[in-house]
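The following paragraphs lead through one protein chain, from its overall arrangement to individual residues. Please keep the sequence and the coordinates in view while reading.

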Amino acid sequence: EMTEKNILLVMIIVEGDEKGQIKMKDSIVNMKEVSFQNGKPKVKHFIDDYPFPYYMVLQDMHSLPEVLGDALKQWFEMMAQNQSQG
């Protein structure tokens, strides 16, 4: 729905300490969740069902301007492509 209105909603996940360091085992990308289907456990990565279609995981806040710039560039490219197809 947001895409149809040309709205970009990006969830920014900042990990790490003040030096931008994080142990990879503690990253949201590596977090797992367990669900049960027919009484059997099913393990999957938490991020696979993340409720936001667009998200960024940053370990270093200093990279935020560059990463946001890249995201906006990709968004504009997608919008231009959608308009040329529609």
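The chain comprises one helix and four strands, and from the N terminus on these elements follow the order β-β-β-β-α. The model is predicted. Its mean pLDDT is 82, with 87% of the residues at 70 or more. Confidence is highest in strand β3 (residues 40-45), at a mean of 93, and lowest in β4, at 85. Where pLDDT is low, the predicted coordinates should not be read in detail.

Two totals describe the chain as a whole. Of its 86 residues, 14% count as buried. Among contacts between residues at least 6 apart in sequence, 52% join residues that are at least 24 apart.

The helix is a convenient place to begin. Helix α1 covers residues 64-85, which makes 22 residues. At 1.5 Å a residue these should span 32 Å, and the C-alpha atoms at the two ends are 31 Å apart, so the expected and the computed values agree. Which residues of α1 are buried? They are Leu64, Trp75 and Met79. Seen down the helix axis, these buried residues fall within an arc of 40 degrees, and therefore they line one face of α1. Exposed residues occupy the other side of the helix, namely Glu66, Lys73, Gln74, Ser84 and Gln85. As for the partners of the buried face, the buried residues of α1 pack against β1 (11-14) and β4 (55-58).

These two strands are themselves paired. β1 and β4 run parallel and are joined by four bridges; within this pairing, isoleucine 12 stands opposite methionine 56 of β4. In a regular strand the side chains alternate between the two faces of the sheet. β4 shows such an alternation: Met56 and Leu58 point to one face and are buried, whereas Tyr55 and Val57 point to the other face and are not buried.

Isoleucine 13, also in strand β1, has a relative accessibility of 12% and therefore counts as buried, the cut-off being 20%. Leaving aside neighbours within four places in sequence, its contacts are Ile28, Tyr50, Tyr55, Met56, Val57 and Leu58. The C-alpha atoms of isoleucine 13 and glutamine 59 are separated by 8.6 Å, although the two residues are 46 places apart along the chain. Another pair with a sequence separation of 46 residues is tyrosine 54 and leucine 8, whose C-alpha atoms are 8.3 Å apart. Tyrosine 54 belongs to the loop between β3 and β4 and is partly exposed, with a relative accessible area of 29%.

The loop between β1 and β2 contains buried polar residues. Glutamate 15 is located in this loop, and its relative accessibility of 8% places it among the buried residues. Serine 27 is found in the loop between β1 and β2 (32-37) as well, and is buried with a relative accessible area of 1%. What joins the side chains of serine 27 and glutamate 15? A polar contact of 2.9 Å does so. The side chain of glutamate 15 also makes a polar contact of 3.2 Å with the side chain of glutamine 59. Glutamate 15 thus has side-chain polar contacts to serine 27 and to glutamine 59.

The remaining strands form a hairpin. β2 and β3 run antiparallel and are joined by six bridges, with lysine 32 standing opposite histidine 45 of β3. Is β3 buried or in the open? None of its six residues is buried, so β3 lies largely in the open. Two residues lie between the strands of the hairpin, and asparagine 38 there takes a positive phi near 55 degrees. This value is positive in a residue other than glycine. Asparagine 38 sits in the loop between β2 and β3, and at 80% relative accessibility the residue counts as exposed, because the threshold for that class is over 50%.

Taken together, the description links the helix to the parallel pair and sets out the hairpin separately. The buried residues of α1 pack against β1 and β4, while β3, in its antiparallel pairing with β2, has no buried residue.

Key: Residues are numbered from 1 along each chain as its sequence is written. Side-chain values use heavy atoms; hydrogens and water are left out. The expected span of a helix is 1.5 Å times one less than its number of residues. Buried means under 20% relative accessible area, exposed over 50%, partly exposed in between (1.4 Å probe, protein chains only). The arc is that of the directions from the helix axis to the C-beta atoms. Contact means heavy atoms within 4.5 Å. Two strands pair if DSSP finds at least two bridges between them. A polar contact is a pair of N or O atoms within 3.5 Å; within protein, one must be able to donate a hydrogen and the other to accept it, and residues adjacent in sequence count only if both atoms are side-chain atoms. pLDDT is the predictor's confidence in each residue, from 0 to 100.
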